[in-house]
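Visitor: Got a minute to walk me through this one? I'd like the short version.

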Amino acid sequence: SGINAEIIDVVETAKIYQLGGTRTNKGLKLRHGQSERVYRLEFVSNQDFTESEFFKWKETMMLGDIPLPTTDDVHRKLKDLQMAHQFKFGNDEIEKIVAEKQRFKKNPHNYALKKTELLKKREHAEISGDLEESMKFQAELDGLEERAEELDKVRSQTISSISYINQRNRQRNQIEKEEAMKAEFAAMRGAVADPFTRRHSRPTLITKSREPVPTIDEQTLKKQEEERREIVKASIGQNMAKLNAEKKSSTSLGEFKIPLTSSARLEKQMSD
């Protein structure tokens with residue numbers, strides 16, 4: 001069972017702690033009877049209190065001669081809660097929330113961006129001559145580098161573990177495959193011939209001749225090439241001689257004979 005208490009104020013504690021998925025240093029200043037104390041939010045419950053817890057709190061209030069809340073106090077608090085639920089955050093409130101989250105964030109979302117920001121702040125502090133701020137930013141940079149190295153080691157170990165598991169699975173699959181092939185081969189050797197079962201065979205291509213193609217050595221190839229060249233030269237020489245003879249006969253005018261026409265032949269006969 002718990003103890004009912006009245007929330008007096010929200011304060012900052014000396015310790016930064018984890019609350020669900022966020023980090024904070026906020027605490028609640030609570031009052032139970034005449035005693036007041038600050039509790040971290042991780043120790044405060046927002047569940048409905050039981051009847052026994054309510055009567056115990058009422059008894060403590062009466063023994064301390066502290067007036068109980070009136071119905072007007074309850075209605076006013078109810079209105080405050082309704083306004084809080086309907087409140088719309090502006091740019092200033094959003095910037096404060098983001099700055100508050102960044103303040104207690106253990107690991108930045110982007111290490112490179114955070115490192116660049118810290119380097120700029122350290123450089124600005126050095127230019128301004130603020131040695132204390134410069135040392136503060138340098139300490140944050142060192143912590144950031146250490147955290148990045150730790151995360152890199154964890155990531156490398158995870159990758160190595162995955163690689164080892166994959167290699168082990170591949171080896172096991174290879175062994176199982178070999179065992180299956182051995183069992184299949186043994187079963188094939190011990191199997192009884194069945195005329196109704198189709199046999200596994202490879203097709204054979206039937207050709208007309210399987211004699212090897214005769215090969216010609218280099219000397220024979222050279223000899224054939226020389227003979228072919230001699231034949232080509234002789235043919236070219238004959239053609240050239242024939243062309244020269246025809247050219248000479250065509251250029252000789254004495255050897256030309258002009259045929260007589262029918263009229264010339266008739267005149268010649270009449271003269272004779």
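Guide: We'll go from the overall layout to the strands, then the pocket and two single residues. Keep in mind that this is a predicted model.

Visitor: How many helices and strands are there in the protein chain?

Guide: Seven helices and three strands.

Visitor: What order do the elements run in, from the N terminus on?

Guide: β-β-β-α-α-α-α-α-α-α.

Visitor: And what share of the 272 residues is buried?

Guide: Buried residues make up 8% of the chain. Buried here means under 20% relative accessible area. The chain exposes about 25300 Å², and carbon and sulfur atoms supply 55% of that.

Visitor: What about contacts? How much comes from residues 24 or more positions apart?

Guide: Those account for 40% of the contacts with a separation of 6 or more.

Visitor: OK, strands. How do E1 and E2 pair, parallel or antiparallel?

Guide: Antiparallel, over nine bridges. E1 covers residues 6–19 and E2 covers residues 22–32. For one pair to click on, take Asp9, whose bridge partner in E2 is Lys29.

Visitor: What sits between E1 and E2?

Guide: Two residues, and the two strands form a hairpin. Gly20 is in the turn, with a positive phi of about 65°.

Visitor: Then E3. How many bridges join E2 to E3?

Guide: Six, and these strands run antiparallel. E3 spans residues 35–40.

Visitor: Which residues in E3 are the bridge partners of Leu28 and Leu30?

Guide: Leu28 has Tyr39 as its partner. Leu30 has Arg37.

Visitor: Which residue has a positive phi in that second hairpin?

Guide: Gly33, with a phi near 70°. The hairpin of E2 and E3 has two residues between its strands.

Visitor: Switching topic. What volume does the largest pocket have?

Guide: About 1700 Å³. It is lined by 36 residues, and the closest to its centre are Asn4, Ala5, Glu6, Ile7 and Phe49.

Visitor: Which elements supply at least two residues each to that lining?

Guide: The three strands E1, E2 and E3 do, along with helix H1 (51–63) and helix H2 (71–86).

Visitor: And which one gives the largest share?

Guide: H2, with seven residues.

Visitor: How does the lining split into nonpolar, polar and charged?

Guide: 18 nonpolar, seven polar and 11 charged.

Visitor: Now the loop between H1 and H2. Which residue there should I look at?

Guide: Asp65 is found in that loop. Asp65 has a positive phi of about 55° although it is not a glycine.

Visitor: Is Asp65 buried or exposed?

Guide: Exposed, because its relative accessibility is 69% and the cut-off is over 50%.

Visitor: Last one, Lys114. Where does it lie?

Guide: In helix H4, residues 111–128.

Visitor: Why does Lys114 count as partly exposed?

Guide: Because its relative accessible area is 25%. Partly exposed is the class in between under 20% and over 50%.

Visitor: What separates the C-alpha atoms of Lys114 and Leu144?

Guide: 8.6 Å, and the two residues are 30 residues apart along the chain.

Conventions: Residues numbered from 1 in each chain as written. Predicted model: local features only at pLDDT ≥ 70, side-chain atom pairs only at ≥ 80, totals over all residues. Heavy atoms only, no water. Pairing = 2+ DSSP bridges. Helix = DSSP H or I, 4+ residues; strand = E, 2+ residues; numbered from the N terminus. 1 Å grid on protein atoms, 1.4 Å probe; cavity = no way out; pocket = protein on both sides within 12 Å on 5 of 7 lines; lining within 4 Å. Points joined across faces, edges and corners; volume = space filled by probe spheres on them. Nonpolar A, V, L, I, M, F, W, Y, C, P; charged D, E, K, R; others polar. Buried < 20%, exposed > 50% of the residue type's maximum accessible area, 1.4 Å probe, protein only. Contact = heavy atoms within 4.5 Å. Areas by Shrake-Rupley, 256 points an atom, 1.4 Å probe, with all protein chains shown as cover.
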